[in-house]
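User: I would like to learn how to read the features of a model with some care, moving from its confidence to its packing. Could we go through it together?

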Amino acid sequence: MTSIKVSEITKQYGLTVALNSLDLDISAGTVHGVIGENGAGKSTLVKILSGLTRPNRGSLSIGGREVAFDAPKDAREAGVAVAFQELSLIPDLSVADNLSMPNKPRRFGWLTSDSRSRADAREALAEWGLEGIDPLTPVRALSLAARQQVEIVGAIARDPELLILDEPTSALGQAEADWLFEQVHRLRERGSTVIFVSHRMSEVRELCDEASVLRNGRRVGVISSLTETSDDQIIEMMIGETLDRIFPDKLPAAAVTSDSKPVLSARGLASGGLRSASFDLGQSEVLGIAGLQDQGQRDLFRALFGAERVAAGVIEVDGEPVKFKTPRDAIRSGMGISLVPEDRAAEGALLEMTGRANITLPSVRRFTRLGWIDSKAETAAVTEVLDRLQISHRALYEPVEAFSGGNQQKMIMGKWILSGSKTMLLYDPTRGVDIKTKSEIYRMIRDLAAEGKSVLFHSTDIEELVNVCDRVMVCYRGRLQAPIVGDEISSGRILREMLGAADEPLPAKGTAR
Amino acid sequence: MIQRLKSSKAAHRLQVAGVPTIVPSLLILGVLLVIYGGVRVNAFSTFNLQELSNVTATLAILAVGQTVVVISGGFDFSAIAVLAFLNTFMVTQLGMVGDSYILMSALVLLVAILIGALNGFLVGYLRIQSIIATIAMFFVLSGGALAFMNTPGGGIDSGFTSALAGTWGVSFPASAGMMLITALIWIVLKKSRFGTNLYAVGSNSRAAYARGVPVKATLVKAYAFAGLFYGIAALNYTAATGSGDPRVSFVLLGQMFAAVIIGGTIFGGGRGGAVGSILGALSLAVFEAILFSVGFESYYTGIVFGFLLLVVVLPAALGPHLIERYQANRRHLKPDPVEEGTAL
C-alpha cells in the first residue's frame, strides 16, 4: 500500500505557469480522480509523475519516500506505471515486444527469446481480460481502441505501486470502458494506488474514491465524497469565479435573424476525426465552437479551409455547394475563408519574413503592376492595417519573429483583413497571448462582425466563447451539437456539453441533479 | 471473413518474424536472376557466381551498416569516406603493427567502431541531425584518407587477398563467406535487446523514451555497429583491390542507399532489415551483369538504373497513401443515421 504526496510542485514553460505550487494527497490503495479544464495542469502533472519532465520546484513522495525522477526509467523503477493518453507503444513492434520492452526476456545471456516474450505477453493479456489480442500482432495493425487497451495492460501488468491512467477512455467504447473499470477495481484490491485523469465526469464518479479539481495549475478542491457532490458543484469548481476580463459589448443578438441567408454552412460534414457537423453561419455573426481536445473541431476548421479532405457531407458558401481541394481554393472562393491556425509558428506565419510581406501575402496581386510589387501602395495598405491593429510600424521592415506572440497573432489576422475575407475561421487565436492583446482580439472580432463579416471562432477558453459569441456550438466526440443561443449561453451549460454530461447517463450511485 | 482473418494473422506472424520485408527483395532478385540466366551463356557457372559474389560483397556489407542507421531513423553519409579512410589507413600504417595482417585487421575494425561511436555521439547526445553530422564526418575522413596517401597506390600481401577475396576450400568465394558472417552478426544483433530498442527508437523515439528505452545509448550503439560493418567492408575492399585508394566513390554511395531501399528498409526508421539489403546489393550486381551481357553501353547503365530505382520505390511511396485514402472513404461511406434524422 502506497500513499502519494505531491508538495508545492511548480512547473513553468517559459512565461506560462503550468503548475503553480500544486499539492495533492492520495491515500494508499485508493483510486483518485484528477479533473479540470484544458490547460488546468493535468497533463503536466502526469508528465512529472512519470519522469518525462522535471518540476522547477516542489517535492514528490511515494509511500513516504521522497523521490525525484530524471527520466521515465526512474519512475518505472520506483513502481510508477503510466498509461499515456498519447500512447507509448511502438507501432512497428509486436504487442509482445511492446509489453516486454525494454527488458525482453533472454536466453544464453544475450539473445532475446521470442517464445518466452510471447508466452509472457499471452499470460498478461489473458490475466487482464484481453485474450482476443494476439501477442504477435504488430501494434500498427490494431484498432485505436485495442491499442489503448494494450497500453493500459502494459502499465497494469507491471503490478505497479502507483498506476496513472491519463484520459484512458478517450479511444474506448462503452464495452472497453467497462473492461477498464473492472481491471482498475481488481488492481485496487491488490493494493495499488491509482490516479485517474479524465474529463468525463460520469467515469470519475463510477471509478474514483476521491477526486481533486485542478484549475490554472492549482488544486481548487478535493471531493471526498463523489456521491454527495453534484455535477454543477464540480463544474463551478472547474470554472471558478469569472475573472474581470475586458470583453467588448456584444451587439444585441436580435441583429442576427434567421431569415438572412447563411454565408457559410455545412451539412453532415465529416473529415478525419470529425464525424458529422451541420451549422449555419449568418452574416455579421460570431459563432463559437467549443470542445475539449480532439473532439473533431480541428478537423472541422481544416476541412472548411480546404486543408483536410472532406469525406462526406457538403460545405455551402452563400447557399452554393463548394469543394475546396486546397487552402488556395478556399481563399479564392467568393467568400474568402481564412484560417488562423492553432500553431502559428508552424502554419500561420513566415517568421523570417517581414510583417509587411506576411500581411500582404494572400493579397499581393492587388499591389503588383506587370509583376512588380508597387511598394508605395503596399506600404500604405499595410500601415493602415498596422494602425488598426495597434502594431508598431516596425513590422514594415522587421521579421515577424521579432514580435511577441500576441502581435504575431494580430498580424496573421491582419493579413486576412487586408485580403478582404468575408469569413474568418479563428482557431484558438488567443492561445499563449497576453491579457491585453486578448482583449484587443475580442474587440477586433466584434468589430469585424459589426462590419458585416462573419466569424467562426474556436477557443479553449470557455469564458471567451460566452462573452464574444452570438451562438455557441459544442463539438463532442466528432459531432457538432445543437447551437446554444441567447441567455442559454453560460460557461456551465457549455462545459456540461463539452464533458458530455448532458447525454451520458449517470451511474446509479450518482445523485447529481 | 474467417479466411481473411486467418490469412492476416499469418501475415502478422511473417511480419513479426521479419520475413515480409525480404519477400519483395527476394522477388526482385529472383526476376533479375531469371533474366540473367536467359541473356548470359553459362550464367550460373561457378566462375560467374564467384564473380557476382566478388563484385557484390563490399557494397552489400556497407549497405548492412547503413541499414542499421536507417532503422534507427537516421542516415549515414560518412560510410564511403570511412571505407576510403580505413583502406588507406590499412595500406599505409601496416608498419605500426609489425606488418601483421591479423593485428591490422583487428585495428581497422576497432577504428571503424570508434568512428561510428563518434557519429552516434554527435547524433544521440549532441542532437545534431544525422545527415549533417555524418556529412561533416565524411569531409573529415575523406581528408584523412588523402593525408594517408594522396594518390592511389601501395600494395598488400597476396596472402591477405587470397584469404579475404579468394576462395575458401576449392570454390567457395571468400566474399560470399564475409557476406554470410555479416548477415549472422546482424541476425544476432536483431535478436538482442539492442535490436528491439533499435527498432523502437527508429519507430517512435519519444514513445521509446517513455517506455524506459535508453534512447541515446541505443543511437551510439547503432552507429558503432554500423561502423563495425564498414570496417568489415573495408577489409574486403582492401583485399579485393590489393591496394589503397583515397578517392571516395559517389557511385558507391548511391548504390549503397539503393541496396537499402530495394532491400525493403524504409527511410524514416523502424522498419526493414539488413538481410534484405544484401539481397538488394546482389540485385544491383545482377542487374549490371544483365546490362553488360546484352551489350549495353556502360555510359547508359546509370540512366536505366535510375529509372529502375524509381519503379521499385514507387509502390512503397504511393501504396500507404492510396490505402489510407481508401480506408478513409470506407469509414465515411455509410451516411450517419443520427444526422440524417435531424438534418435541417
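User: Which element of chain B has the lowest mean pLDDT, and which the highest?

Analyst: This is a predicted model, in which local features need pLDDT of at least 70, side-chain atom pairs count only at pLDDT 80 or more, and totals for chains, interfaces and linings use all residues. Residues are numbered from 1 along each chain as its sequence is written, while chains are lettered from A and ligands numbered from 1 in the order in which they are written. Where pLDDT (the predictor's confidence in each residue, from 0 to 100) is low, the predicted coordinates should not be read in detail. Among the elements of chain B, helix H15 (residues 337-342) has the lowest mean, 36, and helix H11 (residues 215-241) the highest, 97; helices here are DSSP runs of H or I with at least four residues, strands are runs of E with at least two, and both are numbered from the N terminus.

User: Over which residues of chain B does pLDDT stay under 50?

Analyst: It stays under 50 over residues 1-9 of chain B, for which the model has one contact beyond four places in sequence, a contact meaning that two C-beta atoms, placed from the backbone, lie within 7 Å. Residues 333-344 of chain B also have pLDDT below 50, with 12 contacts in the model beyond near neighbours in sequence.

User: At what angle do H8 and H13 of chain B pack?

Analyst: Two packed helices are described by the angle between their axes and the distance between the axes. Axes are lines fitted to C-alpha atoms, for helices over the stretch in contact, and angles run from 0 to 180 degrees between N-to-C directions. Helix H8 (residues 174-191) and helix H13 (residues 274-293) of chain B make about 155°, with axes 9 Å apart, and are therefore roughly antiparallel (over 145 degrees; under 35 is roughly parallel, 65 to 115 roughly perpendicular and the rest oblique). B:Met179, B:Ala183 and B:Trp186 in H8(B) meet B:Ala274, B:Val275 and B:Ile278 in H13(B).

User: Is H9 of chain A enclosed or open to its surroundings?

Analyst: Helix H9 (residues 297-304) of chain A has eight of its eight residues buried, so it is largely enclosed by the rest of the structure. A residue is buried if 20 or more other C-beta atoms lie within 10 Å of its own, exposed if 12 or fewer, and partly exposed in between, with C-beta atoms placed from the backbone. Among the buried residues are A:Arg298, A:Asp299 and A:Phe301, and H9(A) is followed by A:Gly306, whose phi is positive, near 75°.

User: How many residues of chain A are in contact with chain B?

Analyst: There are 33 residues of chain A in contact with 32 of chain B, and the predictor gives the complex an ipTM of 0.80 and a pTM of 0.75.
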